[in-house]
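Opening the notebook on a new model today. I want to go through its sheet and whatever packs on it.

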Amino acid sequence: MRLGHGNVLFGAVFGCVVAAGAAPGVARAADPIKIGVIAETSAISGVGIPNAAKMAADEINKAGGVNGRMIEIVDYDDHSSAVDAVRAFQRAAQQDKVSAVIASYISEVVLALEPWAGRLHMPLITPGASSNEITKRVHDDYDHMKYVFHGYLASTQIADVVCEAAKTLMVRDLHVHSAVVMSEDAAWTIPLDQEYLKCLPANGLKVLDHIRLSPDTTDFTPIFNKIEGEKPDVIVTGVSHVGVQPTVQWQQQQVPMPMYGVSSQATNSTFWKDTNGATDGVIFNMAAAPDVAVTPKTIPFAKNYQARYGNLPGYAAYQSYDDVFMWADAIRKAGGADPDKMVAAMEQTDYVGTIGRIQFLPKTDTFAHGMRIGEGYITGLMVQWQKGNPVTVWPTNVATGKMMFPAFTKLPQ
């Protein structure tokens with residue numbers, strides 16, 4: 001598998017135009033283009049969404065803006081609440097007069113916003129939510145839901161990446177043959193787990209059990225005791241709302257099976273400190289990582305983010321950064337912020353961002369307005385925490401290190 005960034009690169013898309021003021025001889029700046037950002041700013045996985053959006057806006061503005069108009073990020077904290085997110089979306093559209101919205105890594109939040117995007121004709125993209133239902137709604141009711149774009153992989157697509165990597169990392173390299181799937185009970189994990197249960201056996205891992213846990217779980221001891229009793233070779237995860245507590249208890253309980261799969265909180269560099277190093281050895285999925293040049297933009301973005309905010313970006317930050325550039329270019333192509341023209345322009349996107357070459361699938365596709373997945377477009381990585389650093393371990397041709405596990409991990413001989 002080769003990671004490519006395609007042959008299409010955008011040139012300079014932002015020109016500087018000075019708007020004349022109302023009074024003769026007095027120049028004034030054109031009104032800014034407002035982009036709303038709704039996110040979970042107190043959450044590990046959410047804080048990077050507005051942070052990265054502001055970085056992108058600053059870069060666009062430094063280059064002259066969009067036809068001379070500056071980008072202004074108007075950010076809202078939804079407190080991980082769908083109700084608060086809907087209120088913020090309504091305010092953004094009706095009072096703050098934003099031209100587009102970037103919203104949330106939580107699928108339940110995006111699914112709550114989606115009908116409002118249709119009602120208010122407000123272009124919306126998510127940089128981190130993954131439920132298959134997001135794009136299915138666009139496919140099933142395009143005329144009303146066409147304003148919604150999926151700026152991240154769908155759950156089924158994520159599962160396929162995890163399974164494809166498992167064929168190399170788990171089955172070939174570690175001689176692993178059995179697994180227990182452990183996922184939180186959430187909208188995004190329903191299609192994730194359905195695909196896990198199909199694609200893990202297809203890639204050489206027998207699934208011994210399928211555990212769905214409440215995101216409110218605080219004591220994982222009974223869950224880990226059950227898993228240890230079943231003696232799988234690996235625990236395949238699907239966690240996002242939870243992360244710190246199961247990881248800490250996995251290490252404290254010395255659970256001998258590796259944790260491998262999806263762990264959204266683990267994608268942020270603060271996770272090492274948050275778990276006091278208990279995450280050492282955990283393997284997780286990302287679309288881009290700070291140590292691999294998925295495209296020429298990936299590593300510079302990660303370095304600039306770290307210099308500005310003091311830590312490496314989590315998974316949704318990469319997409320949020322790209323999303324601002326794509327909305328800005330859609331507005332440029334549309335000649336303004338007419339929502340229908342913006343949607344038409346966004347549908348023609350061919351943009352090399354931090355996560356790969358981005359094109360959106362047509363309305364006839366099952367994943368309508370989702371990203372095109374595969375070689376030369378968006379692929380995926382598996383990254384492992386090793387001694388305080390995230391290290392990419394798959395695909396092999398771009399890996400920056402090999403897998404390492406804590407001493408308590410017991411691997412097949």
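These are my notes on the sheet, its middle strands and the helices around them.

Entry one, the sheet. I'm working from a predicted model, so no experiment stands behind these notes. I looked up the strand order first and got β2-β1-β3-β4-β5, an open sheet of 5 strands with parallel pairing. Residues 71-77 (β2) and 148-150 (β5) form the edges; each has a single partner strand, so one side of each has no neighbour in the sheet. From one strand to the next, I get a twist that averages 20 degrees.

Entry two, β1 against β3. I checked residues 33-39 (β1) against residues 100-103 (β3) and found 4 bridges, in the parallel sense. Within that pairing, V37 has I102 in β3 as its bridge partner. I then asked what lies over these strands. Helix α12, residues 315-334, packs on the sheet and touches β1, β2, β3, β4 and β5, with its direction at about 165 degrees to that of β3. Helix α1, residues 48-62, lies across β1, β2 and β3 and runs at about 170 degrees to β2.

Entry three, β3 itself. Which way do its side chains point? A100 and I102 go one way, V101 and A103 the other, and all are buried. That fits the textbook picture, since side chains in a regular strand alternate between the two faces of the sheet.

Entry four, on to β4. I count 2 bridges joining β3 to β4, and the two run parallel. Here V101 stands opposite L124 in β4. To get from β3 to β4 the chain goes through helix α3, residues 107-120, and this β-α-β crossover is right-handed.

Technical notes
Residues are numbered from 1 along each chain as its sequence is written. This is a predicted model: local features need pLDDT of at least 70, side-chain atom pairs count only at pLDDT 80 or more; totals for chains, interfaces and linings use all residues. Side-chain values use heavy atoms; hydrogens and water are left out. Two strands pair if DSSP finds at least two bridges between them. Axes are lines fitted to C-alpha atoms, for helices over the stretch in contact, and angles run from 0 to 180 degrees between N-to-C directions. Contact means heavy atoms within 4.5 Å. Buried means under 20% relative accessible area, exposed over 50%, partly exposed in between (1.4 Å probe, protein chains only). A crossover is right-handed if, with the strands pointing away from the viewer, the path from the first strand over the helix to the second runs clockwise.
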